[in-house]
Amino acid sequence: SVGVRIGEVGGVLLVADPVDDLAGQTHPQIVKVVKHLGYGAGALALLPGRGPAVRDVVAVLAGDAGELLLFDDETNDLVFVGEDPNGHPLLGSAPTGLAVDPVPSVAGDAYVYVGSFQENFVTRIDVPLADINTLTLPAPPATFPRIAGGTP
């Protein structure tokens with residue numbers, strides 16, 4: 001909304017608000033720096049809003065770490081998604097793609113999709129927008145359906 005890109009700083013998420021100066025020009029003002037995003041942090045997506053005056057929730061994919069970070073900028077909550085309860089990589093060994101459905105579910109969840117390059121599958125994570133700390137990880141299937149068809 002301010003017409004400029006803030007820039008890139010390795011390994012951190014910069015949270016900025018648009019601020020008008022005395023001349024009426026809008027500029028980004030950095031209000032928070034979120035550290036420890038994981039190795040290979042790159043793809044970022046804003047989850048769909050919950051109304052006109054709501055906080056933002058973002059998803060950041062750290063491909064080298066095999067993790068998805070969820071951050072709520074009002075509560076400063078961080079939730080990492082990476083392994084299932086048995087320690088197996090939930091997002092595959094090389095998660096590379098990140099997409100978000102622009103319309104939240106009727107229950108108020110955002111659908112976040114993470115693609116795995118090496119395993120050729122996509123994991124859907126239902127993120128509860130009211131409180132990301134209540135996220136329930138999906139159970140890993142016995143076999144992963146491959147994007148190209150068939151199963152491993």
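These legends go with a set of close-up views of a predicted model.

**View 1. The β1–β2 hairpin.** Here strand β1, residues 13–20, runs antiparallel to strand β2, residues 26–34, and the pairing takes in eight bridges. To get your bearings, pick out V19, whose bridge partner in β2 is H27. Five residues sit between the two strands of this hairpin. In the turn, look for G24, with its positive phi of about 85°.

**View 2. An open sheet of four strands.** Reading across, the order is β3-β4-β5-β6, with antiparallel pairing. The edge places go to β3 (41–46) and β6; each has a single partner strand, so one side of each has no neighbour in the sheet. From one strand to the next, the twist averages 20°. Strands like these pair through backbone hydrogen bonds, parallel or antiparallel.

**View 3. Zooming in on β3 and β4.** Four bridges hold the antiparallel pairing of β3 with strand β4, residues 57–62. A handy landmark is L44, which has V60 as its bridge partner in β4.

**View 4. The largest nonpolar core.** Which residues have the most contacts inside this core of 18 residues? They are L47, L68, L70, V81, I125, V127 and L135. Two or more residues come from each of β4, β5 (67–72), β6, β8 and β9 (121–128). A second core of eight residues lies apart from this one, and V15, V34, V58 and L69 are among its members. In soluble globular proteins, nonpolar side chains tend to be buried together.

**View 5. The surroundings of L47.** Setting aside residues within four places in sequence, L47 is in contact with V57, V58 and A59, and also with V100, A110, V112, V127 and L129.

**View 6. L90, a loop residue.** L90 belongs to the loop between β6 (77–81) and β7 (95–100). Is L90 buried or exposed? It counts as buried, because its relative accessible area is 4%, against a cut-off of under 20%. Ignoring residues up to four places away in sequence, L90 touches V81, G82, E83 and D84, plus F121, T123, L137 and P138. L68 is 22 residues from L90 in sequence, with 9.9 Å between their C-alpha atoms.

**View 7. S116 in strand β8.** Strand β8 covers residues 109–116, and S116 is part of it. With a relative accessible area of 3%, S116 is buried too. Leaving out residues up to four places away in sequence, S116 touches L91, G92, S93, A94, P95 and F121. F121 also turned up in View 6, as one of the residues touching L90.

Technical notes:
Residues numbered from 1 in each chain as written. Predicted model: local features only at pLDDT ≥ 70, side-chain atom pairs only at ≥ 80, totals over all residues. Heavy atoms only, no water. Pairing = 2+ DSSP bridges. Buried < 20%, exposed > 50% of the residue type's maximum accessible area, 1.4 Å probe, protein only. Contact = heavy atoms within 4.5 Å. Axes fitted to C-alpha atoms, helices over the stretch in contact; angles between N-to-C directions. Core = buried A, V, L, I, M, F, W, Y, C linked by side-chain atoms within 4.5 Å.
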